Amino acid sequence: MTLTLEEKRARVRDLLTHNKATAGAVGEAGRALAEIPEEYYRFELWPAYKSLLSQRDTMARIRVANPYFRCHTDVSRDTLRIDDRDYLNFSGYNYVGLSGDAEVATAAKEAIDRYGTSVSASRIVSGEIPLHAELEGAIAQFHGTEDAVAFVSGYGTNVSTLGYLFGPKDLLLHDSLTHNSGVTGCKLSGARRISFPHNDLDALEALLAENRGRHERACIVTEGVFSMDGDIPDLPRLIDLKKRYKALLMVDEAHSAGTLGGRGRGIAEHFGVPGGEIDILMGTLSKSFASCGGYIAGSAALTMNLRYFAPGGVLYSVGLSPANSAAALAAVRKLAAQPGRVERLRANSALFLRLAKEAALDTGPSHDSPIVPVVIGNSIHCLKVAERLFARGINVQPMLYPAVPEEASRLRFFITALHRPEQLEYTAREVRQALALARADGAS
Ligand SMILES: Cc1ncc(COP(=O)(O)O)c(C=O)c1O
């Protein structure tokens, strides 16, 4: 069909009107092209980019090197090799020392030899390999749930699961310190999203009492161990609340699987409740399980639903790679067979927390977990302390605004089962000294 010039113009007008209506355009006539500011189409003027440049300038002004994207050249464990020097390492999640473990590495290599480096399709079409079901079975057994489903990314697990399961008529109540992946999943769902004050279950109950009845599904979203503060929510009370308010409970066990409970089975084991009491038990494969990917463990009805329909989880996305599946499977099995790793991790975490407190460091609400923050409360002091520690052979990351509020700037120590007591003692002493020096610098 050939259109006349007038018809073509009319079509373009229609299209523009439609785009304006759907994109919430600026006023009736829109902006004249000449008035569209450069920051709308030049990446150099993006606010986030500008704030990075300003952070870089601050680092140059106070003469500290950029602590981000440091490249390491061996396995991340209690030590880490950077630029040909070995550092004591507190910036990795290799909690129970299974990344770099010979059996885990062999399992991954054998999987590559057998299945290649990619499964080359989404699982639903023809990317399924036996390792997927074996891994999911092992995870379900580990957490005591009916089934589990593995995703290619931990971050993506939260985004896809929340984004897929909930919709505009639903209510999602998430802890204010929920990881960005959980918050992004809540936003993607289009559900009404309410953030409740961190671990304040009285506030959560008040919100449920006021809002539950106005929505179809409701879900409480929290974490097993909070990744910034290293504290743990009151699971039995959360279970009681979700039952009384006919809601669901989702717990992100990224940092609690493998670390909490006598055998590392996570927050449910820590509190002595069955894993099946958590409706949506999320975990990552990238931390205790020495791999990359994520999972949801729960009822067979939940996992089958996600397996067939969650976009970007299993559907519309390639299956977990053979090497990652095999490494995670070997790690889950090895951890189940060697609970002593969890015991060592717990002893190390308790020791470091005690040493930090004895050194009068502010460790916030951290308890019973391998995440021990040292809150410094000033990003410049924080950068300086991290840099001094690096010079003294300790690798620990500063967490600054916007990851945390400026007054909560901190160093975040991830403890592993591989650390030795003398490494922890040395580090606590060094942190105390570096902080005193940074504060003295700041005051002068
Ligand atoms: C609490 C929490 N959830 C989810 C994720 C995402 O997991 P992954 O890094 O495996 O994608 C992280 C990452 O650190 C996390 O801390």
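**Loops, sheets and the ligand shell**

Modeller: Lysine 246 sits in the loop that runs between α9 (235–244) and β7 (248–252). The model is a predicted one.

Colleague: Why is lysine 246 called exposed?

Modeller: The cut-off for exposed is over 50% relative accessible area. Lysine 246 has 70%, so lysine 246 is exposed. Its phi is near 50°, a positive value in a residue other than glycine.

Colleague: What makes tyrosine 316 exposed?

Modeller: The relative accessible area of tyrosine 316 is 70%, set against a limit of over 50%, so the term exposed applies. Tyrosine 316 lies in the loop between α11 (300–309) and α12 (322–337). Phi of tyrosine 316 is near 60°, again positive in a residue other than glycine.

Colleague: What is the peptide bond from tyrosine 401 to proline 402, cis or trans?

Modeller: That bond is cis, with omega near 10°. Proline 402 belongs to the loop between β12 (397–399) and β13 (410–414).

Colleague: How do you know that β1 and β2 pair?

Modeller: Pairing requires at least two bridges. β1 and strand β2 (residues 85–89) have four bridges, in the antiparallel sense, so they count as paired. Arginine 81 stands opposite aspartate 86 in β2. Two residues lie between the strands of this hairpin, where aspartate 83 takes a positive phi near 45°.

Colleague: What makes the side chains along strand β1 (residues 79–82) alternate?

Modeller: In a regular strand, side chains alternate between the two faces of the sheet. In β1, Leu80 and Ile82 point to one face and are buried, whereas Thr79 and Arg81 point to the other and are not buried. Buried requires under 20% relative accessible area.

Colleague: How do you know that β2 and β11 pair?

Modeller: They have two bridges in the parallel sense, and the requirement is at least two, so they pair. Leucine 88 stands opposite isoleucine 394 in β11. The open sheet here has three strands in the order β1-β2-β11, with mixed pairing. β1 and β11 (394–395) are its edge strands, each pairing on one side only.

Colleague: Why are β3 (147–151) and β5 (192–196) said to stand at the edges?

Modeller: The open sheet of seven strands has the order β3-β9-β8-β7-β6-β4-β5, with mixed pairing. β3 and β5 each have a single partner strand, so one side of each has no neighbour in the sheet. From one strand to the next, the twist averages 20°. Strand β4 (residues 171–175) pairs with β5 in the parallel sense over five bridges. Histidine 174 has serine 195 in β5 as its bridge partner.

Colleague: What makes the approach of tyrosine 155 to the ligand a polar contact?

Modeller: A polar contact is a pair of N or O atoms within 3.5 Å. A polar backbone atom of tyrosine 155 is 2.8 Å from an oxygen atom of the ligand, so the pair qualifies. By that limit, the backbone N or O atom of glycine 154 at 3.3 Å from a ligand oxygen also qualifies. An N or O atom in the side chain of lysine 287 qualifies too, at 3.0 Å from an oxygen atom of the ligand. The protein covers 85% of the 390 Å² of accessible area that the ligand has on its own.

Colleague: Which residues come nearest to the ligand?

Modeller: Of the 14 residues around the ligand, Tyr155, Asp252, His255, Ser286 and Lys287 come nearest. The shell consists of three nonpolar, eight polar and three charged residues. Helix α6 (residues 154–165) gives the largest share of the shell, three residues.

Definitions and conventions
Residues are numbered from 1 along each chain as its sequence is written. This is a predicted model: local features need pLDDT of at least 70, side-chain atom pairs count only at pLDDT 80 or more; totals for chains, interfaces and linings use all residues. Side-chain values use heavy atoms; hydrogens and water are left out. Buried means under 20% relative accessible area, exposed over 50%, partly exposed in between (1.4 Å probe, protein chains only). A residue is near a molecule or strand if one of its heavy atoms lies within 4 Å of it. A polar contact is a pair of N or O atoms within 3.5 Å; within protein, one must be able to donate a hydrogen and the other to accept it, and residues adjacent in sequence count only if both atoms are side-chain atoms. Accessible areas come from the Shrake-Rupley method with a 1.4 Å probe; for residues, only the protein chains shown count as cover. Ala, Val, Leu, Ile, Met, Phe, Trp, Tyr, Cys and Pro count as nonpolar, Asp, Glu, Lys and Arg as charged, and the others, Gly among them, as polar. Axes are lines fitted to C-alpha atoms, for helices over the stretch in contact, and angles run from 0 to 180 degrees between N-to-C directions.
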